[in-house]
Structures are given as C-alpha cells and as structure tokens.
Amino acid sequence: MPPFAAIERFFERLFERPSARLFRARLQPVQLQRRIERAMEAERLATADRTLVPNRFVVHLNPDDLDGFGDMTASLASELADGALVFARARHYTLVDRPRVTLFADPNVERTDIRVTARFADPIAGSQGTASPVEGSHDAGPSVAVHGDTMVFTVPRPTAPAARLRIIDRDGAEHVQEFDGSQLTIGRAADNDLVLADGRVSRHHARIAGRRGTLVYADLGSTNGSRVNGVQVGELVLGAGDRIELGDTVIMVEVAGDVG
C-alpha cells in the first residue's frame, strides 16, 4: 500500500473505533498532520544545494481535545511522524534524523486549536532514522553514514551568508547597505544598525541574521508588521530578489550567498 494511502487508512480506522466514537474529538487527525507540515515548511532552511527541515515536532492541544483521541494517542503520534517523513521525502527535503512527534496536553491552548513547535535535533544515538536528501546533490555537504538501508546525515555548520540590501524610501531615494551575515537590526531608533526615517516603522522593527547558512528575516513585534513579496510575515528565510516592505520603506535583497 502506498505511504499516503496507508496513513489515510489509519486516520479512517481511528474514528471507526468505539472508543473514538465515544469521545469523538472535534479535531481530526488530518488537521494535526497539516499543521505539522506547515511548521516544517515555515522552519525550512535553504542552503546552496538542499533544503533542511526540522525533525522534532511538539503538537500542543487542549487536554480535552487530546483525551478525545483515547487509546489511539500513542499510535497517532507515530503515524503523524510517518506522515511528516513522507511529506519531506515527496518534496526532496533533507532530514538529519527520522521525524518524531510528541502530543502535549496544554491547558493554555483553546479547544480545537492546534499549536506546533518545530526544531532541529541531532540524531539520537542508535536510532534508525532515515534522511531524505535532495536528489542529485554530490558536492561538499553533509557527510553520510550508511547502515543497511538507513542513511544518517551529519549536517555541517554553513558559513553565514552575506547580502547587499538596497533601501528605497517613499520618495524613491535609494542607498545600499552591505551586510556581512552576522546580524542587522532595523528600525527608527538610533541604536539600530539600519536606521529608517519612516514614521510607520517601529523603533525596533526587525532583524536580519545569519542562521545555518541562510539569511533569516524576523519581525520584532512591530506595530505595522512586515511584508515580504507582498505577504505578511513574522520570520522568513530570505533569498536574492526578495522585496521587504516596512512602513513606506522597501528593502530589496540583491545579493545573498556564501562569504568567501
């Protein structure tokens, strides 16, 4: 049976069980799966030849919602992890270890709400995790140890990228800011690395920093928010050609690549 079909069949069986009908959670397992996939996409890190994605997920649910899955909770966590692996492989993402999912009863989460935290974790010693590399990549990158049918990746710490940022104000005036890949703070306050004379920009609006060989843009809880390529964002991996909008100011990412 194909992996996706097997997972879908598991979700069907979940609600065919008497215990499941008894508790009948309003949340459906597929909703959890989709939130995990969204968390994986949101935290992915693109390098020169591959895209790394998280391999540890904690799904925060209201205790009543978690109880609604009854005696299938442990199996559900395992099936969600399998679904995350299938999702990553289908998109040729790289995992440093087999995904693991933990379902957590969190009283701070509202009924029917789902919160997923995702992180990168090193392989557990002796684990049988599998990695999903980008096919066709063969240059310097993660080293691979093969044990039978299992590949475990050791991911290197990439060099922080550099960038050239072109800043365009509301009147069309432009200037260029060079960025060495360490950290650049942006805002109206004079203590920022990039000071913007824009009344719609917060005093400490955003930050760009190097992370695992990528440029990551993060809004720092600004009043008017940040948009990248027309989409409201909180945190996002940047690439050459991206257009950042803060208030009436536009920042174009013209160059992004490895230093040296």
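This report describes the overall make-up, one sheet, one helix pair and two loop residues of a predicted model.

**Overall make-up**

The protein chain contains 5 helices and 18 strands. Of its 260 residues, 41% are buried. The accessible surface of the chain comes to about 13600 Å², and carbon and sulfur atoms contribute 48% of that area. Among contacts in the chain with a separation of 6 or more, 58% are made by residues 24 or more positions apart.

**The five-stranded sheet**

Strands of a sheet pair through backbone hydrogen bonds, in either a parallel or an antiparallel manner. In this model, an open sheet of 5 strands follows the order 11-10-12-13-16, and its pairing is mixed. Strand 11 (194-195) and strand 16 (235-238) form the edges, each pairing on one side only. Within the sheet, strand 12 (residues 206-211) and strand 13 (residues 214-219) are antiparallel partners, joined over 6 bridges. In this pairing, I208 stands opposite Y217 of strand 13.

**Packing of helix 3 and helix 5**

Two packed helices are described by the angle between their axes and by the distance between those axes. Helix 3 (residues 29-42) packs with helix 5 (residues 73-90) at an angle of about 45°, and the two axes lie 10 Å apart. Helix 3 and helix 5 are therefore oblique to each other, because an angle of about 45° is neither under 35 degrees nor within 65 to 115 degrees nor over 145 degrees. The crossing of the two helices is right-handed. On the side of helix 3, the residues that take part are P29, L32, Q33, I36, E37, M40 and E41. They meet L76, E79, L80, G83, A84, F87 and A88 of helix 5.

**Two loop residues with positive phi**

Most residues other than glycine have a negative phi. Two residues of this model, T112 and N229, have positive values and are set out below.

| Residue | Phi | Loop between | Relative accessible area |
|---|---|---|---|
| T112 | near 70° | strand 4 (100-105) and strand 5 (114-119) | 30% |
| N229 | near 55° | strand 14 (226-228) and strand 15 (231-233) | 45% |

Are these residues buried, exposed or partly exposed? T112 is partly exposed, because its relative accessible area of 30% falls between the limits of 20% and 50%. N229 is likewise partly exposed, with a relative accessible area of 45%.

Conventions. Residues numbered from 1 in each chain as written. Predicted model: local features only at pLDDT ≥ 70, side-chain atom pairs only at ≥ 80, totals over all residues. Heavy atoms only, no water. Pairing = 2+ DSSP bridges. Helix = DSSP H or I, 4+ residues; strand = E, 2+ residues; numbered from the N terminus. Buried < 20%, exposed > 50% of the residue type's maximum accessible area, 1.4 Å probe, protein only. Contact = heavy atoms within 4.5 Å. Areas by Shrake-Rupley, 256 points an atom, 1.4 Å probe, with all protein chains shown as cover. Axes fitted to C-alpha atoms, helices over the stretch in contact; angles between N-to-C directions. Left-handed = near helix turned anticlockwise from the far one by under 90°.
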